Amino acid sequence: MAKVNSADVGFEKQIWNAADLLRGSMDASEYKHVVLGLIFLKYISDRFEQKYRDLVAEGYGMEEDKDEYTAENIFFVPQDSRWSVIASAAHTPEIGKVIDNAMVLIENENPRLKGVLPKNFARPELDKQKLGNVVDLFTNINMKEHGDSKDILGRTYEYCLSMFASAEGKNAGEFYTPSCIVRTLVEVLKPYHGRVFDPACGSGGMFVQSAKFIERHQGKINDISVFGQEYNPTTWKMAQMNLAIRGIEANLGEYNADSFLNDRHPSLKADFVIANPPFNMSDWGADKLQDDVRWKYGIPPAGNANFAWMQHMIHHLSPKGKIGLVLANGALSSQSGGEGTIRENIIKDDLVECVVAMPDKLFYSTGIPVSLWFLNRDKKQKGKTVFIDARNMGTMVTRKLRELTEEDILKIAGTYDAYVEGQLENEKGFCAVVTTEDIAKQDYILTPGRYVGIAETQDDGEPFEEKMTRLTTELGELFEKSHELEAEIKKQLASIGFTIK
């Protein structure tokens, strides 16, 4: 048997490496449902088994009473779905069928999970020996909560989501927003309590980070109500599992649906809207929605849904509600298709509270830079907007991917907080508080660089003539050294019979 791992080993990567062996000829988009499904199955089994043992210890014979579990928001796991049954079948040819059957039985016992769980483990292209090895790994890893190392499976689920996003690249935007972007939105909005809504919720990352924010500030997760909508059916299922694994009660609609054409929360007025809608989406159904009540500030162009998304969110906002959303930078300045007029009307209504220009390479799906927009129906600083230029922030974690650090995120949130309290001093090249009148002078363009300016360079005290003399001398020495190296390379090549032509 494999060595039992403790909760603080950081086994997310170990699980990912083992799960990656399952891939075979399958695409990442296919086998992620196998991996995430197993994580979820182990999660609900662990929680059930812990409660089951508690009931046995009480001695009243209530351990098979479904109500004892549902009363504590624990999924009831029927006998043939329990992990012990799956573990015992790990190295049999029927392991795939055993897992599929377990998923079916769990759905039958728990209406919230109906139609959500993956049931494709028996398919021929999934190597059953490798599947059994992964089941073994899950069996031998302690996944219960230990002290400060909480939410082990939730962490693992989130880690695997990020790794699948990396593997899928361009298609990752459908289900995953990098956690540093979500964290920035959440740290600025501070959704302590009330209704939280994401109309393009993907795998539910906005809600997970909101819950983490509440935990960090000693709040209660029950103080927020979660509402979401997702168009892609498999992504909608991932979100349901992701939230269930976190213990987050959520209303994502009875099924996946298009937010524009089939709004599943028509009467919702949210206190916080947090979203990363698809960038520059075309063919979003504009021809069917020309007279829609949501287009208070202007009819969005058929070829780009950016301002359709924004107005959809504003429509769902409570009288004191706030929005934090991610948009491609074109929305800051575009004048085509009436977008300039819509942006102008939203600014004139004093909704735009903060705009943050983000660095490039933050997304797995695209290298383009984006901006964060924060809108507020009840701004404390009336008639003003704060602009933050964060384009120089972040650290490259791979050749193609950048992440904001904890320090970066807290600096952005702290700058916003200081602005709200009227204590922010403008910093050239980074932040500026600007009146609506001054924004009007810029034709209602919201590009932060226009307002924050360029950071002043520090004078090092060295006179220009002296500096140029020193630098040109150093450059000459480098050139001389390069000629010496070039001659040596030619000499060594000639010694083995090769000549540079």
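**Figure 1. What helix 8 packs against in this predicted model.** The buried residues of helix 8 (residues 179-189) pack against helix 9 (205-216), strand 4 (270-275), strand 5, strand 7, strand 10 (402-403) and helix 14 (406-420). Helix 8 is mostly covered, with 10 of its 11 residues buried. The buried set runs through Cys180, Ile181, Val182, Arg183, Thr184, Leu185, Val186, Glu187, Val188 and Leu189, so look for Arg183 and Glu187 among the buried residues here, since buried means under 20% relative accessible area. Just after helix 8 comes Lys190, with a positive phi near 55°.

**Figure 2. Strand 7, covered on both faces.** Strand 7 spans residues 370-376, and 7 of its 7 residues are buried, so the rest of the structure largely encloses this strand. On one side sit Val370, Leu372, Phe374 and Asn376; on the other, Ser371, Trp373 and Leu375. Both groups are buried.

**Figure 3. The partners of strand 7.** Which way does strand 5 (residues 317-328) run relative to strand 7, parallel or antiparallel? Antiparallel, with 7 bridges joining the two. To find your way around that pairing, pick out Leu327, which stands opposite Ser371 of strand 7. Strand 6 (residues 352-357) also runs antiparallel to strand 7, joined by 5 bridges. Two pairs help in locating this second pairing: Val352 has Leu375 as its bridge partner in strand 7, and Cys354 stands opposite Phe374.

**Figure 4. The open sheet, strand by strand.** Zoom out a little and 9 strands make up an open sheet with mixed pairing. The order is 3-2-1-4-5-7-6-8-11. Strand 3 (250-251) and strand 11 (431-435) are at the edges, and each has a single partner strand, so one side of each goes without a neighbour in the sheet.

**Figure 5. Val356 and the largest nonpolar core.** This core has 94 residues, and the members touching the most others are Leu38, Phe40, Ile99 and Val356. Helix 2 (residues 28-58) supplies the largest share, 12 residues. Apart from this core lies another, of 42 residues, including Ala200, Ala270, Trp295 and Ala308. Back at Val356, what does this residue contact beyond its neighbours within four places in sequence? The list is Val370, Ser371, Leu372, Phe374, Ile388, Ala390, Ile412 and Pro448. As a rule, nonpolar side chains in soluble globular proteins tend to be buried together.

**Figure 6. Helix 5 crossing helix 6.** The axes of helix 5 (residues 95-109) and helix 6 (residues 128-139) come within 9 Å and cross at roughly 55°. That puts helix 5 oblique to helix 6. From helix 5, the contact uses Ile95, Gly96 and Ile99; from helix 6, Lys128, Leu131 and Val135. Sorted by class, the contact has 4 nonpolar, 1 polar and 1 charged residues. Ile99 is worth a second look, as a residue of this contact that is also one of the core members in Figure 5 touching the most others.

**Figure 7. Ser334 in its loop.** Ser334 is found between helix 12 (330-333) and helix 13 (339-348). Is Ser334 buried or exposed? Buried: its relative accessible area is 15%, and the cut-off for buried is under 20%. Not counting residues up to four places away in sequence, Ser334 touches Glu339, Gly340 and Arg343.

Technical notes: Residues are numbered from 1 along each chain as its sequence is written. This is a predicted model: local features need pLDDT of at least 70, side-chain atom pairs count only at pLDDT 80 or more; totals for chains, interfaces and linings use all residues. Side-chain values use heavy atoms; hydrogens and water are left out. A nonpolar core is a set of buried Ala, Val, Leu, Ile, Met, Phe, Trp, Tyr and Cys residues joined through side-chain atoms within 4.5 Å. Buried means under 20% relative accessible area, exposed over 50%, partly exposed in between (1.4 Å probe, protein chains only). Helices (H or I, at least four residues) and strands (E, at least two) are DSSP runs, numbered from the N terminus. Contact means heavy atoms within 4.5 Å. Two strands pair if DSSP finds at least two bridges between them. Axes are lines fitted to C-alpha atoms, for helices over the stretch in contact, and angles run from 0 to 180 degrees between N-to-C directions. Angles under 35 degrees count as roughly parallel, over 145 as roughly antiparallel, 65 to 115 as roughly perpendicular and the rest as oblique. Ala, Val, Leu, Ile, Met, Phe, Trp, Tyr, Cys and Pro count as nonpolar, Asp, Glu, Lys and Arg as charged, and the others, Gly among them, as polar.
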